[in-house]
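Hi,

Here is the structure I promised to pass on. Have a look at it first, and my notes on what turned up follow below.

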Amino acid sequence: MLITNLFIAGIKAVIEYVSAHVLTCLVPAFFIAGAMSALLPKEKIIKYLGRKVPKYKAYPLSVAAGLLLAVCSCTILPLFAGIKKKGAGIGPALAFLYTAPATNIMAILFTGSVLGWNFALARIVLSVMFASIIGMTISAIFKEEDVKEEQSAGPVICTEFKDKKKPLFFLKHRLTIFFVILITILIVGTRVSGYAKYIFLSSLVVILAIVTKLFFTAEETKAWLSETWIFTKKIFPLLLGGIFVAGVLTALLPENFLATFMGKNTLSANLIAVLFGVFMYFPTLVEVPMAKMFLSIGMAKGPLLAYLLADPVISLASILVVRKFIGNKRTLAYVGLIIVFTTISGLIYGAIVH
C-alpha cells in the first residue's frame, strides 16, 4: 500500500510538472538552446564568456544575463547546456545557471512584496556573490582542459543568407531578431497567464515561422531543429525522473516536519532547510508563497532564508541533468558549495535578525 501511494505521488508530481511547464516553459527553452548550438557563431560566446575572458568581464555578463530571465532551475538547463556547448567557460556558465532562477528581477520583487525587503536584499546580494564565487572556485579546482566538449550533430552554419530582394536590415540583424522572438516566447510562456498567453504565443510562433522561412536557409533550419531534438532527448527524461523522485520524497515527509526540525536557528535547522530546498522542486516564484506559508507555521527566519537561497537554484531533477554536462565531480562540487554557502548564510542571517 505504501509503495502504491508513493508511486501515485511521483506520477502526480510528473503530471503537474508536465501540464504546467513543458509546453510554454521548457519547450521554448529547448528551441533557444538548439538555436544557440546550431546558429550562434561560437566566437560570440567565446568572446564574452570563454575560458580566457577576464573574470571581471565574464562573470558580470553571466550574472546580468541571468537577472533578466525569470525561469526555474529546470527551464534554465537547456540554456546552460547551449552556452556550455558553444564554448563558454565552466565558471561563467555555472554563474549563469545559478543566477537566473536565484536572482531574476521578478523573484526579487516578489520576495520583497511578500516577505519583506530585508529578505529580498539578502537574497539578491548573497545569490550574486555565490554565483560568482562558486563559478570561480570550480573553474580554479577543475582545469578547463579536462572538460569534455561535445560536438554538434548538425552543421554549425553561420554563413550570410544573401538575397537582394529581402530588406538589408533584416538580413543583417536576422539572428538578433530570431533570438528576441524566441526569448519573448519564453517570457510570455512563463509570465503571462490566461487566454492572453495563448493569443500572444500563437502570434509569436507565426512571426517566428515567417522570419525563419524568409531569412534562414533550409539547411540552417534543419540544423536548428536537429540540435533542439538532441537537447530534448538528453535532458527531458532526466527531468521527469527527478520530478518523480521529488514527488515520492514529498509524500514521505511527516506533517509537522517544518516546525519540528526548522523552528529554531541552529546549524542543523539551516542544513535541513537547504537540503529540503535542494531535493524538492517548486517552479520559479512559487518558492516565495511557499516560504510565506513556512514562516506562518513556525519556520525560523534563518532556515527560511537558507531555503530561499537553495530551492530555486537546484533540485534533484536539475542535478541529474547538470551532471550529464559537467560530470560527477564538478556537479558534486557545485551542489556541495551551494549547500555550504546557503547553510552558513541562513545561520548568520538568523542570528542577526532573530
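Before the helix packing, one bit of vocabulary: an axis here is a line fitted to C-alpha atoms, for helices over the stretch in contact, and angles between N-to-C directions run from 0 to 180 degrees. Also bear in mind that this is a predicted model.

With that in hand, take helix 4 (residues 76-85) and helix 11 (residues 218-252): they pack at an angle of about 130°, and their axes are 10 Å apart. That makes helix 4 oblique to helix 11, and the crossing is right-handed. On the helix 4 side, the residues involved are L77, P78, A81, G82 and K85, which meet E227, F231, I235 and L239 of helix 11.

Helix 3 is worth a look too. Its 13 residues (55-67) should span 18 Å at 1.5 Å a residue, and the C-alpha atoms at its ends are indeed 18 Å apart, so the two agree. Which of its residues are buried? They are A58, Y59, S62, V63 and G66. Looking down the axis of helix 3, these fall within an arc of 120°, so they line one face of the helix. The background is that an α-helix has 3.6 residues a turn, so residues three or four places apart point the same way. As for partners, the buried residues of helix 3 pack against helix 2 (42-49), helix 5 (90-103) and helix 7 (117-141).

Finally, the whole chain: there are 17 helices and zero strands, and 53% of the 354 residues count as buried. Among contacts with a separation of 6 or more, 83% come from residues 24 or more positions apart.

Cheers

Technical notes. Residues are numbered from 1 along each chain as its sequence is written. This is a predicted model: local features need pLDDT of at least 70, side-chain atom pairs count only at pLDDT 80 or more; totals for chains, interfaces and linings use all residues. Side-chain values use heavy atoms; hydrogens and water are left out. Helices (H or I, at least four residues) and strands (E, at least two) are DSSP runs, numbered from the N terminus. The expected span of a helix is 1.5 Å times one less than its number of residues. Buried means under 20% relative accessible area, exposed over 50%, partly exposed in between (1.4 Å probe, protein chains only). The arc is that of the directions from the helix axis to the C-beta atoms. Contact means heavy atoms within 4.5 Å. Angles under 35 degrees count as roughly parallel, over 145 as roughly antiparallel, 65 to 115 as roughly perpendicular and the rest as oblique. A crossing is left-handed if the near helix is turned anticlockwise from the far one by less than a right angle, and right-handed if clockwise.
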